[in-house]
Amino acid sequence: MTITDMPQNAAPDTPVSHPPTAVSDAPEFVSRAAPHVSRTQKRNPIKAGRDRLMTVLSVAAAVGGPLIGAIGFAMSYSTLAKKALTWGFSPDLAPWFPVGVDASIIVFLALDLYLIRKDTPWPLLRMAAHGMTFATIWFNASSQGRITGDPVRAASHGVMPLLFVIGVEAARRLFIKKTQLEAGTATDRIPLHRWILAPVATPRFYRRMRLHGVTSYPEMIRRQQDLTAYEQWLRRKYKDDISKASEDERLPMKMAAYGYTVAQALAMPEQQEREAEARAEEAERRRLDAETRREVAQKRAEADRLEAGGELEAVRARVEGNTAQARAHARAQASAAERAAELEEAALETAVIAEARAREAEAERKEAQEREAKAAADVRAAELERQAAEKRRLAAEADRVAAAEAQAIETAEIAEARQRAAEADRDAAETEKAAAETRRRAAEADRLAAEEAERKAVADAGVQAARKREAETEFAAAERRLAAAEVERRAVEIEDAAKLTSRERAVRKVARMALSAGLVPVGLGVAEIQRELCRVVSIADVQRETAVSSTDTASKYRQEAVELFASGYRLEQ
């Protein structure tokens, strides 16, 4: 056995997991047992006999306990009923006195057990039951006179109630232990021989068990052995100078005071690094999510701003078009009014001048030719008619020109206003198109975020499935290791019973290694067995399992295992 192997007095059936090791070249300090036992394995005959014995003892206790209690109750009842008459009780109340005394014991103990079952114990009930027990023992012992006068006679009357109480206390202890086992709070007791053989170290051992919540005594033994073996391994590695070891390698010694096992302490740095990486990844994920949400919000705000700006520009263009149209119409009306006023003024001036000239011409014509008065009057009337027609023509021409100018001005202003309105509508359409493009990009970003979340969910589901498969594989491997450990234990028991030498034990161990690796020697010759054994078990495996350094010795062990198979060796032998 090398220094890194577990000592043989370690708890062989204590379940220990295989946590990851953070320090290179550190040995694994675990027992060779696995956490679960397969139901298909062959039952141990020794355990079966022990189970039958426990069944017989349980039946005997179940039958004998109530029988002893009934006998003690009957004797106590008869004795106390008779004694109650001498103590002043009436004949009607005397039979109820022993019932009250003994029934109170049963009731108090039953209430105590019930409260323990409900995890609310009350010590006063147990003390009251013990007080009533002492009272009934005293009453029964003193019923035959002075106790010191005839102690044997007094003890014979007081022993039966005492036996009943002892039986009830035994049942109470069993009930409490069963309740603790069901609740998972049962704690192993440290054997008495350890307190005697190690009176100084055992109190510290007990203190560590209670402080660290270790309920299994073999588990605590295994922890202490693992720590001692690991410390010795460090001393051998650094030539008795543990101070040269790294901080991670010295973690088991530091963390042992806090209830950590060697495997847990060695795995702590890697576990803490994984947790730190997980926290960093979670923080990075939250930061990326926040950035994505912020970018989406910014894009939505930009789209809303552009949409509002487009609506504002459209309203502004519409108002400017209406304003320009109103101004053009007002200017056209003003120009037409001014032109009409100018024409009317010119017509008035022309009429005044023409009338003055006509009066002068008429005076001259009257002075020059009075004979042509009638003709001159006709000429003047014709001239006046012609001038009036001319004036009407000029006025109509002025009205037509003014109307044409007004219409031309109004048409140009309206066309310009409509062009500006069209340009405003085109700008509003472009703004709306930009807003629609922004909303489309935001929707695309939301879709990409949803796809990313879906991909992440699928990846998480795949990780969970992989972890489940890994757990199932580890469980199957643990069951196989347990089966191998059970086979090894049975083989060791058989070898101990046969009192084999260390060499014979090593040869049989090599044979068991071959059987565990799948070798089936039934129906094979010696050469075939040797060839199959060399295939499934190498020299290095033999050296490692038998703790030998010589390859020649390992080869001889393997050859002797072939001869052992040839002689008909099986696991049951």
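Guide: A residue counts as exposed when its relative accessible area is over 50%, and as buried when that area is under 20%. Between the two, the residue is partly exposed. Keep those cut-offs in hand. The model here is predicted.

Visitor: Let me try them on a loop residue. Is Lys239 buried or exposed?

Guide: Lys239 has a relative accessible area of 72%, so it is exposed. Look for Lys239 in the loop between H7 and helix H8 (251-255).

Visitor: How do I read its backbone? What is the phi of Lys239?

Guide: The general idea comes first. Most residues other than glycine have a negative phi. Now the case. Lys239 has a phi near 55°, which is positive, and the residue is not glycine.

Visitor: Ala547 is on my list too. What is the phi of Ala547, and where is the residue found?

Guide: Ala547 has a positive phi of about 60°, and again this is not a glycine. Its place is the loop between helix H13 (539-546) and helix H14 (551-566). Ala547 has a relative accessible area of 32%, so it ranks as partly exposed.

Visitor: On to aromatic rings. How many aromatic pairs does the structure hold?

Guide: The structure holds 4 aromatic pairs. One of them joins Phe205 and Tyr217, with 5.7 Å centre to centre and 70° between the planes.

Visitor: How do I read those two numbers?

Guide: A pair of aromatic rings is described by the distance of the centres and the angle of the planes. Planes over 60 degrees apart count as edge-to-face. The Phe205 and Tyr217 pair is therefore edge-to-face.

Visitor: Which parts does the pair tie together?

Guide: Phe205 sits in helix H6 (residues 201-212) and Tyr217 in helix H7 (residues 217-237), so the pair links parts that are 12 residues apart in sequence.

Visitor: Is Phe205 buried or exposed? And is Tyr217 buried or exposed?

Guide: Phe205 is buried, at 0% relative accessible area. Tyr217 is buried as well, at 15%.

Visitor: Now salt bridges. How many does the structure hold?

Guide: There are 26 salt bridges in the structure. The general idea: a side-chain nitrogen of Lys or Arg lies within 4 Å of a carboxyl oxygen of Asp or Glu. Take Glu282 and Arg285, whose side chains meet at 2.3 Å, N to O.

Visitor: How many residues apart are Glu282 and Arg285 in the helix?

Guide: Both are in helix H9 (residues 262-368), and they are 3 residues apart, so about one helical turn separates them. Glu282 is partly exposed at 32% relative accessibility. Arg285 is partly exposed at 29%.

Visitor: With which residue does Glu284 form a salt bridge?

Guide: Glu284 pairs with Arg287, and their closest N and O atoms are 2.3 Å apart. Here too the partners are 3 residues apart in helix H9, about one helical turn. Glu284 has 35% relative accessibility and is partly exposed. Arg287 has 38% and is partly exposed.

Visitor: And in helix H10, which residue partners Glu437?

Guide: Glu437 bridges to Arg441, with 3.5 Å between the closest N and O atoms. Both lie in helix H10 (residues 373-498), 4 residues apart, about one turn of the helix. Glu437 is partly exposed at 30%, whereas Arg441 is exposed at 52%. Elsewhere, salt bridges with shared partners join Glu219, Arg222, Arg223 and Asp226 into one network.

Visitor: What about charges outside such bridges? Which residues gather in a patch of positive charge?

Guide: A patch takes residues with over 30% relative accessible area and no salt bridge. Arg173, Lys177, Arg189 and Arg210 gather in the positive patch on the surface. Arg173 belongs to helix H4 (residues 151-183). Arg173 is exposed, at 53%.

Visitor: Which residues gather in a patch of negative charge?

Guide: That surface patch brings together Asp248, Glu273, Glu277 and Glu281. Glu273 is in helix H9 and is exposed at 52% relative accessibility.

Visitor: Last, which residues make the nonpolar surface patch?

Guide: Ile68, Val159, Leu162, Leu163 and Ile166 make this patch of about 380 Å². H4 gives the most to the patch, with 4 residues. Val159 is found in helix H4, and at 34% relative accessibility Val159 counts as partly exposed.

Note on methods: Residues are numbered from 1 along each chain as its sequence is written. This is a predicted model: local features need pLDDT of at least 70, side-chain atom pairs count only at pLDDT 80 or more; totals for chains, interfaces and linings use all residues. Side-chain values use heavy atoms; hydrogens and water are left out. Patches are made of residues with over 30% relative accessible area and no salt bridge: like charges are joined within 9 Å, nonpolar side chains (Val, Leu, Ile, Met, Phe, Trp, Tyr) within 5 Å. Accessible areas come from the Shrake-Rupley method with a 1.4 Å probe; for residues, only the protein chains shown count as cover. Lys and Arg count as positive and Asp and Glu as negative; His and the chain ends are not counted. The place of a charge is taken as NZ of Lys, CZ of Arg, CG of Asp or CD of Glu. Helices (H or I, at least four residues) and strands (E, at least two) are DSSP runs, numbered from the N terminus. Buried means under 20% relative accessible area, exposed over 50%, partly exposed in between (1.4 Å probe, protein chains only). Rings of Phe, Tyr and Trp (its six-membered ring) pair if their centres lie within 6.5 Å; planes under 30 degrees apart count as stacked, over 60 as edge-to-face and the rest as tilted.
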